Amino acid sequence: MKIKDAAALIQKAFGTGESPQHWADLGCGTGTFTSALANCLEPGSSIYAVDKKMPAIASVNNVNIQCLRADMETIVFRDQELHGILMANSFHYIKDKSGLIQRLRSFLRSDGRFLVVEYDAEKANAWVPYPLNFAALALLFKNSGFRDVDKIGERNSIFGPQNMYACVIKD
């Protein structure tokens, strides 16, 4: 996926003229969605780009990108209240999704949000070991105490018949 396509998928999560924000992209891989997120944020914002392999992502749109080699299931953000946590094509690697949501929630501001991009699939495979279709994701987050789970985008996947979806989750 190209950065512009990734940005188009998540763009509706952001209003116009928002102040600079602080985000984390967990499981950022090569940085496609990190760069897309940077294009959606106001200049002066910052992103922690987190992956088990050391990511190498340059700053984009005057958004500071700090690359961290860490496991998204154990990372700790000290003295940081994040405006949001992006998990693009990474949530399907997590077995204990509920536990991770509760742990990560502690790093969000009271008005913070999750931004999730996933495959709308139910069947596991070698690349998506713990799939989470949109209905299951909505139920998971609502059972974790979140009120709003809004699908903001959808597109065809090049990896199969299922679509990819993007959604924003807020308290």
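Author: Angles between axes count as roughly parallel under 35 degrees, roughly antiparallel over 145, roughly perpendicular from 65 to 115, and oblique for the rest. This is a predicted model, where local features need pLDDT of at least 70, side-chain atom pairs need 80 or more, and totals for chains, interfaces and linings use all residues. Numbering starts from 1 along each chain as its sequence is written, and side-chain values use heavy atoms, without hydrogens and water.

Reader: Why are α1 and α2 called oblique to each other?

Author: Helix α1 (residues 3–10) and helix α2 (residues 32–40) pack at about 60°, with axes 8 Å apart. That angle is in none of the named ranges, so the pair is oblique. Axes are fitted to C-alpha atoms, for helices over the stretch in contact, and angles run from 0 to 180 degrees between N-to-C directions.

Reader: Which residues of α1 and α2 meet?

Author: Contact means heavy atoms within 4.5 Å. Ile3, Ala6, Ala7, Leu9 and Ile10 of α1 meet Thr32, Phe33, Ser35, Ala36, Leu37, Asn39 and Cys40 of α2. These residues divide into 9 nonpolar, 3 polar and no charged.

Reader: How do you know that β4 and β5 pair?

Author: Pairing takes at least two DSSP bridges between two strands. Strand β4 (residues 82–88) and strand β5 (residues 108–119) have 6, in the parallel sense, so they pair. One bridge joins Ala88 to Val117 in β5.

Reader: What makes β3 and β6 edge strands?

Author: The open sheet has 7 strands in the order β3-β2-β1-β4-β5-β7-β6, with mixed pairing. β3 (64–69) and β6 (148–156) each pair on one side only.

Key:
Helix = DSSP H or I, 4+ residues; strand = E, 2+ residues; numbered from the N terminus. Nonpolar A, V, L, I, M, F, W, Y, C, P; charged D, E, K, R; others polar.
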